[in-house]
Amino acid sequence: MAHSHGWRLADSFSSAVRPALLGSLGAVSAAHPLAVAAGQAALFAGGSAADAAIAAQAVLCVLCPDACGLGGDMFALVADRAQTLAINGAGATPQAATTFADDGPHSVTVPGLAGGWAKLHRRWGRLPAATVLAPAIRLAQDGHRVSPTLAAAVMAQRARLLAHGAAAWSLLSLAAGDRLVQPELAALLRSLAHDGFDAFYTGAPAAAIANALARQGGAMDRRDLARHVTHVGPALTVAYAGCTVAVQPPPTQGVLLGMALKGMAACAPADDAGSDHTAVELTEAAFAWRDDAAHLGAALLDQPLPIDPQRAARRGGPRAYLHTAGVATADADGLVVSSLVSVFDDFGSCVFVPELGITLNNRAGGFTRGANAAAAGKRPVHTLAPALVRGPQGCLALATPGADGQVQTLLQVIDRTLRRGQDLAGAIAAPRWRSEGAHLLIEEGHPQAAALARRGHALAPLPPGQMRFGAVACAGLSDGTPLAVADWRRDSWAGVA
């Protein structure tokens, strides 16, 4: 088994997989080609990786309201040449909350995306907010084509949307291929560009959110929004194959990835079949600690994860949530951003705010039991878990959607790249598995499927590229050169400037 102490880039010419693209000014990888284009525009305008990340995220909020939006959250890891910091762009339940749910008004936590943008832009941005948000504003104002994925999400969630105030939302009357125009969302983005991102919590947007929730019987009021704080602090880090992997600190479950990586380093399986088996077992062992991720945090990195190197324990643990969108960016001055934006379930809570053209998150659905039990003024353990790798060549951002699948997808890609020595693009393209419930979901054609079955794993084959296997966004710097890689799964894309 190779120990590469860094990452390897294959020749991109006539590549059979989506290759690592090399740029001059910077690089972007994101969940949609138009989001990548917005990030590239920011870089070509002289912007930083932070500007490019916000530009791409804003476009995703316009194009993919089922997955993300200003009613949702954003987590990011930001690395400059000196340090890696974590932005926690997520809010708490209302102070007066007494009822909690996974749907509707009692599932909403204070949206953290705008506050995350404020921190990211204020500290690392170069361009005016109006320039950064211009592509998203134009797409919202002029309209864009409804994708088949979005149309399917509307069909699946129509009853929830109608129940929570979205009857007048024009999206509900559109089919795939129709043009969705969102003037209210365009106006909201313009107001944030003009008044500052923090105005989301004190001005007209806050009033509209509080009123929409009050109509539905929710407890959140303007005071909950006004007291929102976006936390920025050090990332959690673990050493792996000669590199340092940074993960998101509490309240996210990013620490579970750190636990699994520490376990992989200790076990050091000798071949691909052993690597996949060990990774599955460590994933399931780490997820037994999920409810403790917020209050124990970094202390969990010292928690041993005993596993059988030969037989599957079939612990289960990871759940079936899918949603979110990833953005990874880098610039030639050394800044790298790994980020995820989300409203949790499709359209979040489905509570619609007509004045803003957004739905609100249902992140309170992330509460479970024990230390992660629901309470007023509390943040649940979050699934959003981007990663960032520092090595001899530089720095890589890696982010994927998939909720509990995020930790698993990143574990496979990081292990393939750093410890097994596979080239970066090949590691991202390679077949994957995902532990979910009592089964090991696995892409059909996975070369280790038979070996995993022999070790006792309950395989559930699915078509390659099925949504549960994530979609990695990767960007970074390798020997000072910006690079980006896009997964072939979902609508992922990459570009450079």
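At what angle do helix α9 and helix α10 pack, and how far apart are their axes? In this predicted model, helix α9 (residues 254-267) and helix α10 (residues 272-287) pack at an angle of about 140°, and their axes are 9 Å apart. Because angles over 145 degrees would be needed to count as roughly antiparallel, α9 and α10 are oblique to each other. Their crossing is right-handed. On the α9 side the contact is made by Leu256, Met259, Ala260, Gly263, Met264 and Cys267, which meet Ser275, Thr278, Ala279, Leu282, Ala286 and Phe287 in α10. By class, this contact of α9 with α10 has nine nonpolar residues and three polar ones, with no charged residues.

Helix α10 also takes part in a second packing arrangement, with a sheet. Three strands form this open sheet in the order β16-β17-β18, and their pairing is mixed. The edge strands are β16 (433-436) and β18 (459-462), each of which pairs on one side only. From one strand to the next the twist averages 25°. β16 pairs with strand β17 (residues 439-443) in the antiparallel sense over four bridges, and Trp433 stands opposite Ile442 in β17. α10 packs on this sheet, touching β16 and β17, and its direction makes about 30° with that of β16.

Another open sheet has seven strands in the order β7-β4-β3-β11-β10-β2-β21, with antiparallel pairing. At its edges stand β7 (231-234) and β21 (493-496), each with a single partner strand, so one side of each is left without a neighbour in the sheet. Neighbouring strands of this sheet are turned by 15° against each other on average, direction ignored. Helix α1 (residues 33-44) packs on this sheet, where it touches β2, β10 and β21, and its direction makes about 160° with that of β2.

The table sets out one strand pair from each sheet.

| Strand pair | Sense | Bridges | Residues standing opposite |
|---|---|---|---|
| β2 (residues 26-30) and β10 (residues 325-331) | antiparallel | five | Ala30 and Val327 in β10 |
| β16 (433-436) and β17 (residues 439-443) | antiparallel | four | Trp433 and Ile442 in β17 |

Aromatic rings add a further kind of contact, and the structure holds five aromatic pairs. One of these is the edge-to-face pair of Phe100 and Phe367, with 6.2 Å centre to centre and 70° between the planes. Phe100 lies in the loop between β4 (84-89) and α3 (113-124), whereas Phe367 lies in the loop between β13 (358-359) and β14 (387-391), so the pair ties together parts that are 267 residues apart in sequence.

Notes. Residues are numbered from 1 along each chain as its sequence is written. This is a predicted model: local features need pLDDT of at least 70, side-chain atom pairs count only at pLDDT 80 or more; totals for chains, interfaces and linings use all residues. Side-chain values use heavy atoms; hydrogens and water are left out. Axes are lines fitted to C-alpha atoms, for helices over the stretch in contact, and angles run from 0 to 180 degrees between N-to-C directions. Helices (H or I, at least four residues) and strands (E, at least two) are DSSP runs, numbered from the N terminus. Angles under 35 degrees count as roughly parallel, over 145 as roughly antiparallel, 65 to 115 as roughly perpendicular and the rest as oblique. A crossing is left-handed if the near helix is turned anticlockwise from the far one by less than a right angle, and right-handed if clockwise. Contact means heavy atoms within 4.5 Å. Ala, Val, Leu, Ile, Met, Phe, Trp, Tyr, Cys and Pro count as nonpolar, Asp, Glu, Lys and Arg as charged, and the others, Gly among them, as polar. Two strands pair if DSSP finds at least two bridges between them. Rings of Phe, Tyr and Trp (its six-membered ring) pair if their centres lie within 6.5 Å; planes under 30 degrees apart count as stacked, over 60 as edge-to-face and the rest as tilted.
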